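Please look over the sequence and the model shown here before reading on. The paragraphs that follow start where the parts of the chain meet and then turn to single elements and residues.

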Amino acid sequence: MSMKATARAHPIQGLVKYHGMRDPELRLPYHDSISVCTAPTNTTTTVEWLTDSEPADDVYLIDGEEVDGRAAERIEMVVDHVRELAEFDHAVRFESENSFPSNIGFGSSSSGFAAAALALVEAAGLDMSLPEVSTVARRGSSSAARAVTGAFSHLYAGLNDEDCRSYRLDSELEDDLKIVAAHVPSYKETEAAHKEAAESHMFQARLAHVHDQIVEMRDGLREASFDRVFELAEHDSLSLTAATMTGPSGWVYWQPETIAVFNAVRELREEGVDVYFSTDTGASVYVNTREEYVEEVEERISEIGIETDVWEVGGPAHVLAEDKALF
């Protein structure tokens with residue numbers, strides 16, 4: 001049995017986003033969430049389970065730098081779970097590379113843990129479906145569960161791995177959606193934000209509201225209603241940020257450039273362009289539009305002086321050929 005594997009996954013843009021964790025260790029969210037993966041942005045991860053005759057210490061590298069502290073603990077949660085499933089205690093060598101900036105609001109933890117989970121499972125020789133692999137990835141990041149199943153995906157809330165897993169949602173919007181990514185560098189820490197939001201006086205109101213958003217989003221995706229889906233995503237971004245800003249620390253992640261993008265999007269919409277903004281926990285902005293408008297939208301955002309990329313819908317996490325390994 002090969003004890004080495006390489007996998008690649010795309011990060012997610014939250015559409016109906018989760019906030020707050022019922023169980024921080026297993027990363028069980030309070031409510032369902034829906035997202036879409038963005039390509040060609042990706043994380044590639046190679047892992048190798050080491051034999052007993054090789055060094056016994058786990059080694060984690062991300063973008064060439066050794067990982068320690070809380071980041072290493074989160075990787076260890078995923079690694080230990082796979083060791084438990086595989087019923088062995090081998091040490092692991094783990095290397096990961098991102099094709100896009102991390103910690104500025106573009107979902108690097110989602111693709112990172114999705115690629116890690118699939119590579120670890122594959123190298124361990126475990127026969128698991130993508131929804132099953134999503135329960136492994138969830139231990140590192142709840143958003144990573146949806147990055148495993150890819151495209152438009154729905155993570156169901158639950159108190160166990162049978163219930164709390166992700167499934168892909170079919171939608172004809174996959175072919176038409178273009179995402180102008182507006183890069184607004186501003187470091188953020190998503191994990192702490194989940195605790196902040198849960199302590200906000202607005203959190204219970206969000207919980208009461210989000211269930212209707214989920215069913216509306218699912219129906220909009222099924223009907224391939226662009227305006228309905230991305231208007232919902234835009235409003236959900238405002239709701240998410242309201243909960244974060246009203247937590248104990250009063251965090252405000254948005255920067256002046258973030259608001260400038262919002263204003264540009266609203267001006268474009270008044271001019272008849274199908275375009276909506278969306279943010280996760282960060283200052284950077286996803287500008288969702290149709291293929292026919294993407295050049296016009298990118299030009300308007302670039303005029304603000306903001307770096308942009310154009311992305312499309314990304315598929316599920318997948319295993320790469322041996323010659324694509326990072327080591």
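**From the domain interface to single residues**

Between domain 1 and domain 2 an area of about 3,500 Å² is buried, 65% of it given by carbon and sulfur atoms; buried area here is the accessible area, taken with a 1.4 Å probe, that two parts lose on being put together, summed over both. On the side of domain 1, the residues that lose the most area to domain 2 are K17, H19 and F106, which together account for 22% of what that side buries. This is a predicted model, in which local features need pLDDT of at least 70 and side-chain atom pairs count only at pLDDT 80 or more, while totals for chains, interfaces and linings use all residues. Residues are numbered from 1 along each chain as its sequence is written, and side-chain values use heavy atoms, with hydrogens and water left out.

The protein is divided into domain 1 (4-172) and domain 2 (175-313), with bounds that come from an automatic or database domain assignment. The contact between them, where contact means heavy atoms within 4.5 Å, takes 38 residues from domain 1 and 49 residues from domain 2. The centres of the two domains, taken over C-alpha atoms, are separated by 23 Å.

Across this interface the rule finds one salt bridge, defined as a side-chain nitrogen of Lys or Arg within 4 Å of a carboxyl oxygen of Asp or Glu. D236 forms a salt bridge with K17, and the closest N and O atoms of the pair are 3.4 Å apart. Between the domains there are also 17 residue pairs in polar contact, both residues being at pLDDT 80 or more; a polar contact is a pair of N or O atoms within 3.5 Å, where within protein one must be able to donate a hydrogen and the other to accept it, and residues adjacent in sequence count only if both atoms are side-chain atoms. Strand 2 (12-16), strand 5 (33-39), helix 1 (69-86) and strand 10 (152-155) each supply at least two residues of the side of domain 1 that touches domain 2, and the largest share, six residues, comes from strand 5. Helices (H or I, at least four residues) and strands (E, at least two) are DSSP runs, numbered from the N terminus.

Helix 3 (residues 130-137) is mostly covered, since six of its eight residues are buried, that is, under 20% relative accessible area, whereas exposed means over 50% and partly exposed lies in between (1.4 Å probe, protein chains only). These buried residues, V136 among them, pack against helix 1, helix 2 (108-123), helix 4 (142-149) and strand 11 (166-168). H81 lies in helix 1 and counts as buried at 10% relative accessibility; leaving out residues up to four places away in sequence, H81 touches V136, R139 and D161.

I306 is found in the loop between helix 9 (294-303) and strand 15 (307-313), and I306 is buried, with a relative accessible area of 8%. Beyond its neighbours within four places in sequence, I306 is in contact with A182, H183, E257, V261 and I301. I306 and V184 are 122 residues apart in sequence, yet 7.2 Å apart in space from C-alpha to C-alpha.

R290 belongs to strand 14 (residues 285-290). Its contacts, leaving aside neighbours within four places in sequence, are D176, K178, F226 and D274, and the side chains of R290 and D274 are joined by a polar contact of 2.9 Å.
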